[in-house]
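Please read the following report alongside the sequence and the coordinates. It moves from the chain as a whole to a few local features of the backbone and the surface.

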Amino acid sequence: MKKITLLFFVALMMLSSINVMAQDEEDEEPFRVAAVAPSATNDLAFSQSMYDALLAVQEDFGGEEYFEFVFQDGTFIVDDAAVALREWAASGEYDLIIAHGSQFGAILEELAPEFPEVSFAWGTDENTFGLDNVFAYTAAAEEGGFINGFVAANLTETGSIGVIGPVEVGDAKLYVDGFLAGVAAYDPEIEVGVTYIQSFSDVPLATEAAEAFLANDADVLTGTAQMVVGPIAVAQEAGVPWFGTQSSQAELAGEIGMVFQVYKWEVVLYEIIDSIDEGVLGGESFTIDLENGGLEMEISEYAFVDDEETLADLEEGIEILIEGIISGEIVIFPEEAEEAEATEEPGS
């Protein structure tokens, strides 16, 4: 009788332990993120790239039960973003607060020290301001820029290409510089005009810049940031190829859309989440690129629909370029590489 009773209580204890574990799993709080971005979640550019990434992470986690996020879009005014970021930090409700925009760096540099137990992230940049609770993230946008430039150079018939940039900072500048390098690698005689309109969102001004390029014989266009909806419309009206970055613009561009560099910020988000789970709130910088899958090259489904041979050649050519960049056989900025090598100390 005693033996049976003892086994009975051991079984009860084991069952109780199992129930406690199950209850703990049920009571586990979801990972919570709050993000602010300068433009709309459907801008086909910078803000959408982060919104799509958060949706992808949420799906991978198993839904809102395990991963929650709030996304305040259209917050181009820095002061408005500062209010939201401070309220989120003060609430203590979020595991991670993201300021998605290079214009928000100064805010985090001032705000983060006031909330040392709160984890922040911002981009695109590599600067964590030396703070232990700030992550930085950026994109090696020059990689896809190079590929787009190389392909664009193959398509121009006039020998003139137009590039519409926003502000000469962050991933926008990297993309433009990479695009120029790609064109030059294919044919240094091709003329590439670059206009930075000093705005991420001024669609009319970006439209004027695109029209000016076409008036000067450009027959291929590209650009970056949310204002590209204007230049895409110009390209459609003129029937000239368009190359994009940050998000896919295939549906908007239609038949004139060619190749798009698509950001997959979820690659960075997973690294940040893992760091936070390990007790690291910041002080690290992350980069998405072709090698880690954070950058993907997408050929528009509307391009070359009646020319399978050309499409196959393009797919093969892009794959060769990707492999070359990842392996290091293709050096996007050879002059910078040479300068870096020249400054290295002998024997280092």
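The account below treats overall composition, then backbone geometry, then one charged region of the surface.

The model is predicted, and this should be kept in mind for every value that follows. Its chain has 348 residues, of which 47% are buried, and its secondary structure comes to 12 helices and 12 strands. Among the contacts with a sequence separation of 6 or more, 66% are between residues that lie 24 or more positions apart. The accessible surface amounts to about 17200 Å², and carbon and sulfur atoms contribute 50% of that area.

The loop between β4 (120-123) and β5 (134-139) deserves attention for two of its residues, one of which is Thr128. The other, Thr124, also lies in the loop between β4 and β5, and the peptide bond that joins Gly123 to Thr124 is cis, with omega at about 10°. Thr128 has a relative accessible area of 12%, and because buried means under 20%, this residue counts as buried. Once neighbours within four places in sequence are set aside, the contacts of Thr128 are with Val134, Phe135 and Ala136, and also with Gly283, Glu284 and Ser285.

Positive phi values are found at Gln198, where the angle is about 60° although the residue is not a glycine, and at Gln246, another residue other than glycine, where phi is near 80°. Gln198 is placed in the loop between β7 (191-196) and α7 (203-215), whereas Gln246 belongs to strand β9, which spans residues 242-246. As for their surroundings, Gln198 counts as exposed because its relative accessibility of 55% is over 50%, while Gln246, at a relative accessible area of 3%, is buried because that value is under 20%.

The table collects the relative accessibility of the residues discussed here, including one from the charged region described after it.

| Residue | Relative accessibility | Class |
|---|---|---|
| Thr128 | 12% | buried |
| Gln198 | 55% | exposed |
| Gln246 | 3% | buried |
| Asp313 | 47% | partly exposed |

Which residues form a negative surface patch? The patch is made up of Glu255, Asp306, Asp307, Glu308, Glu309, Asp313 and Glu316. One of these residues, Asp313, is located in helix α11, which covers residues 308-327. Its relative accessibility is 47%, so Asp313 is classed as partly exposed, a class that lies between the 20% and 50% limits. This value also agrees with membership of the patch, because patch residues need over 30% relative accessible area.

Technical notes: Residues numbered from 1 in each chain as written. Predicted model: local features only at pLDDT ≥ 70, side-chain atom pairs only at ≥ 80, totals over all residues. Heavy atoms only, no water. Patch = residues over 30% accessible without salt bridge, like charges linked within 9 Å, V, L, I, M, F, W, Y side chains within 5 Å. Areas by Shrake-Rupley, 256 points an atom, 1.4 Å probe, with all protein chains shown as cover. Salt bridge = Lys/Arg side-chain N within 4 Å of Asp/Glu carboxyl O. Lys, Arg positive; Asp, Glu negative; His and termini not counted. Charge placed at Lys NZ, Arg CZ, Asp CG, Glu CD. Helix = DSSP H or I, 4+ residues; strand = E, 2+ residues; numbered from the N terminus. Buried < 20%, exposed > 50% of the residue type's maximum accessible area, 1.4 Å probe, protein only. Contact = heavy atoms within 4.5 Å.
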